[in-house]
Amino acid sequence: MESYHKPDQQKLQALKDTANRLRISSIQATTAAGSGHPTSCCSAAEIMAVLFFHTMRYKSQDPRNPHNDRFVLSKGHAAPILYAVWAEAGFLAEAELLNLRKISSDLDGHPKQAFTDVATGSLGQGLGAACGMAYTGKYFDKASYRVYCLLGDGELSEGSVWEAMAFASIYKLDNLVAILDINRLGQSDPAPLQHQMDIYQKRCEAFGWHAIIVDGHSVEELCKAFGQAKHQPTAIIAKTFKGRGITGVEDKESWHGKPLPKNMAEQIIQEIYSQIQSKKKILATPPQEDAPSVDIANIRMPSLPSYKVGDKIATRKAYGQALAKLGHASDRIIALDGDTKNSTFSEIFKKEHPDRFIECYIAEQNMVSIAVGCATRNRTVPFCSTFAAFFTRAFDQIRMAAISESNINLCGSHCGVSIGEDGPSQMALEDLAMFRSVPTSTVFYPSDGVATEKAVELAANTKGICFIRTSRPENAIIYNNNEDFQVGQAKVVLKSKDDQVTVIGAGVTLHEALAAAELLKKEKINIRVLDPFTIKPLDRKLILDSARATKGRILTVEDHYYEGGIGEAVSSAVVGEPGITVTHLAVNRVPRSGKPAELLKMFGIDRDAIAQAVRGLITKA
């Protein structure tokens, strides 16, 4: 960034005028809506004016242009001032601002529009996404665009903010600027540090940031702070007042999230309007166009899988091999891990593509946010991996990724009791329920190396949140290398004309079902075995066809709790179909340590339990 040149008085006044227009627009919009956060907007008016009309470089009619500087409004409740900025820049019609929060308008209560890269509003997540954008700009795009993130002081109590602060420092993201809007007041109480600016500064510096305290209502101080270039991320700690410019409300408690009554709003708008000296608008400065052209469509494996039927491999290892292989097909495939790469086998990707591997350390919430940031504007195809159990702590980040319409891929290894001796804290037994509940999600549960490789390839080309569930035990390859897999398409792994029960398993329980079939064959009992491949969407037609061919009997078996897993997915798919019954086998209580085979037996999901359940269904008939 070039050295600082002080703007002339005319520019400084124009920025002050812009800030006041943004205040007026925020007040008008929230009063018209009858809800919203005008006081949170008013504290940030000068910050937004200087950012968008002095500091940032972007094309105002093309908000998602790849060359543009990026902006993330982490304090998403201040959305009206972000909308006001885009109206000031000429992208939105000013009249549209008065449709804030209406069902007929795109201007939601919190940001999630075409001109916002990530949805915000669940506080503490914006900086992680901004880190992902900055990492992509510095290390993948190698471009000059910069990333700015505006945070409120209330959200600085969130641990995820400090995970992101640490990440930015570790990777020297000198293209990232965080602006802390220290307006003193939270929703129901003052923020814990109120206006103790020196403590905020020391905290940021302790995390390896260059930290500058400014008067957040001085456009001149803000211009100077934004003009400083350092070889580390920068935090601009802006002392502001909530409700700035609103007489009788500024710096007063109990005004959070409350629009001004109409008469009061009119009076305040007149007061603010009287301070504006010129109606002339400042034009946005265009960006330097040096971001590379990127195409992430239709990324295919360079060759078929190379497994041999009967050979054994854990699907977690097959995932690592598949991801490394896919990395050769596109230099935009990237991998992230949370210090589990030697367990998830993403280390194979790191070995082959070291420049595209991001170690996020033990900070799963931030890892998901980084992936969301990396994926914005279709710059990369991110794959995150950790133990599936540890994605549960990032559920809010995953939920917000879906609201952002983000395209990210998450691989969770070490699912179920079959991991064995490590015990229940490491066993994912809720993950299917969690990921099935996420809108836009696709849930893959591959059962061998071939299926895993296909799942990785499909995930890279599937929109939304993709989850791949992988297992620790080594299991046999059951598919030929040229087997075709598709999202929502199950496989009949075993069948005969005399099948009496359809058994549906996935991962380790599919292999247990095949072993149970061998046991039952000795008793002249045949079962049909189905591999769902994707748990969401489920292949309802094949399941129904199989059930009807086996006297309406379905048995599901899964290494997961009963709630929200395969059994409930299948039951939901066939509900209301006459003559069909579904019996579930699943883990029914908090497990313990033990050998995998012992635990499968203890929780009634091994081959013997499956065979016994099949016998019971036949006897009952």
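This is a short walk through a few helices and one sheet, with a suggestion of what to select at each stop. Keep in mind that the model is predicted.

**Stop 1: helix α7**

Select residues 197-206, which make up helix α7, and show the side chains of Met197, Tyr200 and Cys204: these are the helix's buried residues. Now look down the axis of α7: the buried residues fall within an arc of 60°, so they line one face of the helix. An α-helix has 3.6 residues a turn, so residues three or four places apart point the same way. Next, color Lys202 and Ala206, two exposed residues on the face of α7 turned away from the buried side.

What covers the buried residues? Bring up α6 (159-170), β3 (176-182), β4 (210-215) and β5 (234-239), which are among the elements that do so. Before you leave, click on Gly208, just after α7, where phi is positive at about 90°.

**Stop 2: the open sheet**

Now go to the open sheet of 7 strands, whose pairing is mixed and whose order is β8-β7-β9-β10-β12-β11-β17. Its edge strands are β8 (357-359) and β17 (534-536), each of which pairs on one side only. From one strand to the next, the twist averages 20°.

For a detail, select β11 (residues 441-444) together with β12 (residues 465-469): this pair runs in the parallel sense, over 4 bridges. Which residue of β12 stands opposite Thr442? Cys466 does.

Add helix α13 (residues 364-375), which packs on the sheet and touches β7 (333-337), β8, β9 (381-387) and β10 (408-413). The direction of α13 makes about 170° with that of β9.

**Stop 3: α10 and α16**

Select residues 315-327 (α10) and 449-460 (α16), two helices that pack at an angle of about 45° with their axes 8 Å apart. They are therefore oblique to each other. The crossing of α10 past α16 is right-handed. To see the contact, show side chains including Tyr319, Leu323 and Leu326 of α10, and Thr452 and Val456 of α16.

**Stop 4: α17 and α21**

Finish with α17 (residues 508-521) and α21 (residues 607-620), which pack at about 60°, their axes 8 Å apart. This pair is therefore oblique too, and α17 passes α21 in a right-handed crossing. Among the residues that meet here are Glu512, Ala516 and Leu520 in α17, and Arg607, Ile610 and Val614 in α21.

Note on methods. Residues numbered from 1 in each chain as written. Predicted model: local features only at pLDDT ≥ 70, side-chain atom pairs only at ≥ 80, totals over all residues. Heavy atoms only, no water. Buried < 20%, exposed > 50% of the residue type's maximum accessible area, 1.4 Å probe, protein only. Arc of directions from axis to C-beta. Contact = heavy atoms within 4.5 Å. Pairing = 2+ DSSP bridges. Axes fitted to C-alpha atoms, helices over the stretch in contact; angles between N-to-C directions. Parallel < 35°, antiparallel > 145°, perpendicular 65-115°, else oblique. Left-handed = near helix turned anticlockwise from the far one by under 90°.
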